[in-house]
Amino acid sequence: MQIVDIDFCVPEDLKSLVAIEAVCFDIPWEEHLIERDLNEPGYAIYMKATVKGVIAGYGVLGRVESTAHLMNLAVLPEYRRNGIALQLMAAFDEVSREWECRRMCLEVRASNSIARNFYSSMGFAYSSRVKGYYADGEDALILVARLPLRL
Ligand SMILES: CC(C)(COP(=O)(O)OP(=O)(O)OC[C@H]1O[C@@H](n2cnc3c(N)ncnc32)[C@H](O)[C@@H]1OP(=O)(O)O)[C@@H](O)C(=O)NCCC(=O)NCCS
């Protein structure tokens with residue numbers, strides 16, 4: 001495992017996050033939405049994992065009542081399988097417990113078996129399926145885990 005620096009994102013991180021989105025997703029989050037979130041922190045918190053000054057991955061967490069909502073998580077391909085996403089999840093686990101959340105939920109593409117394996121290893125289980133959730137028509141699976149996560 002590579003120990004990385006985990007911290008909150010700042011507006012200056014925008015270009016790095018947009019670059020991660022472009023590499024990691026077929027339908028990336030739009031730059032202006034990320035920019036708005038970074039400049040007007042409120043509902044969503046953004047955290048980054050930095051390796052030798054490079055942002056190697058990031059994630060986004062929100063909250064609905066007593067449920068934390070993992071809204072995004074991505075690590076650049078050349079940094080994967082080093083435990084970086086795991087360390088971001090550990091930070092989100094801590095934030096969720098500060099928020100006094102009892103569980104965490106997320107949506108994942110039905111075809112994304114890598115992410116599904118990753119999440120199930122820390123206690124996420126299938127809750128339901130949302131037909132045509134993504135812009136290209138793919139279904140989302142809703143996964144839910146009790147907190148603390150199994151990290
Ligand atoms: C899913 C993702 C965030 C994982 O990031 P990562 O930093 O490589 O994950 P970690 O190294 O912390 O993996 C932790 C564990 O998850 C599982 N895992 C991660 N990647 C895996 C893979 N390619 N195949 C099988 N298991 C995998 C393993 O159990 C791994 O532990 P191990 O390496 O000791 O075996 C990364 O693959 C990614 O960015 N994918 C593209 C974006 C995406 O799909 N995001 C999720 C949206 S819901």
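What percentage of the 151 residues in the chain is made up of buried residues? Here are some notes on that and on the rest of the fold.

1. To answer the opening question: buried residues account for 26% of the chain's 151 residues. Please keep in mind as you read on that this is a predicted model.

2. Let's take the overall layout next. The chain holds four helices and seven strands. If you walk along the sequence, they come in the pattern β-α-α-β-β-β-α-β-α-β-β. The radius of gyration is 15 Å, close to the 15 Å that the globule rule gives for 151 residues, so the chain is as compact as a globular protein of that length. Taken along the principal axes, the box filled by the C-alpha atoms is roughly 40 × 35 × 30 Å.

3. How does the chain connect with itself along the sequence? Take the contacts between residues at least 6 apart in sequence: 62% of them join residues at least 24 apart.

4. Now for the sheet. It is open, is formed by seven strands in the order 1-2-3-4-5-7-6, and has mixed pairing. Its edges are strand 1 (5-8) and strand 6 (125-130), each of which pairs on one side only. From one strand to the next, the twist averages 25 degrees.

5. One pairing is worth finding on your screen. Strand 3 (residues 54-64) and strand 4 (residues 67-75) run antiparallel and are joined by eight bridges. As a landmark, look for glycine 62, whose bridge partner in strand 4 is histidine 69. Helix 1 (residues 14-24) packs on the sheet and touches both strand 3 and strand 4. The direction of helix 1 makes about 90 degrees with that of strand 3.

6. Finally, the ligand, which you may well want to look at for longest. It is surrounded by 18 residues, and the closest are Arg80, Ile84, Ala85, Leu86 and Phe118. Which elements each supply at least two residues of this shell? They are strand 4, helix 3 (84-98) and helix 4 (113-121). Helix 4 gives the most, with five residues.

7. A word on the chemistry of that shell: by class, the residues around the ligand are eleven nonpolar, five polar and two charged. Strand 4 is a handy place to tie these notes together, as this strand is bridged to strand 3, is touched by helix 1 and supplies at least two residues of the shell around the ligand.

Key. Residues are numbered from 1 along each chain as its sequence is written. This is a predicted model: local features need pLDDT of at least 70, side-chain atom pairs count only at pLDDT 80 or more; totals for chains, interfaces and linings use all residues. Two strands pair if DSSP finds at least two bridges between them. Axes are lines fitted to C-alpha atoms, for helices over the stretch in contact, and angles run from 0 to 180 degrees between N-to-C directions. Two residues are in contact if their C-beta atoms, placed from the backbone, lie within 7 Å. The radius of gyration is taken over C-alpha atoms; the globule rule is 2.2 Å times the number of residues to the power 0.38. A residue is buried if 20 or more other C-beta atoms lie within 10 Å of its own, exposed if 12 or fewer, and partly exposed in between; C-beta atoms are placed from the backbone. A residue is near a molecule or strand if its C-beta atom, placed from the backbone, lies within 6 Å of it. Ala, Val, Leu, Ile, Met, Phe, Trp, Tyr, Cys and Pro count as nonpolar, Asp, Glu, Lys and Arg as charged, and the others, Gly among them, as polar.
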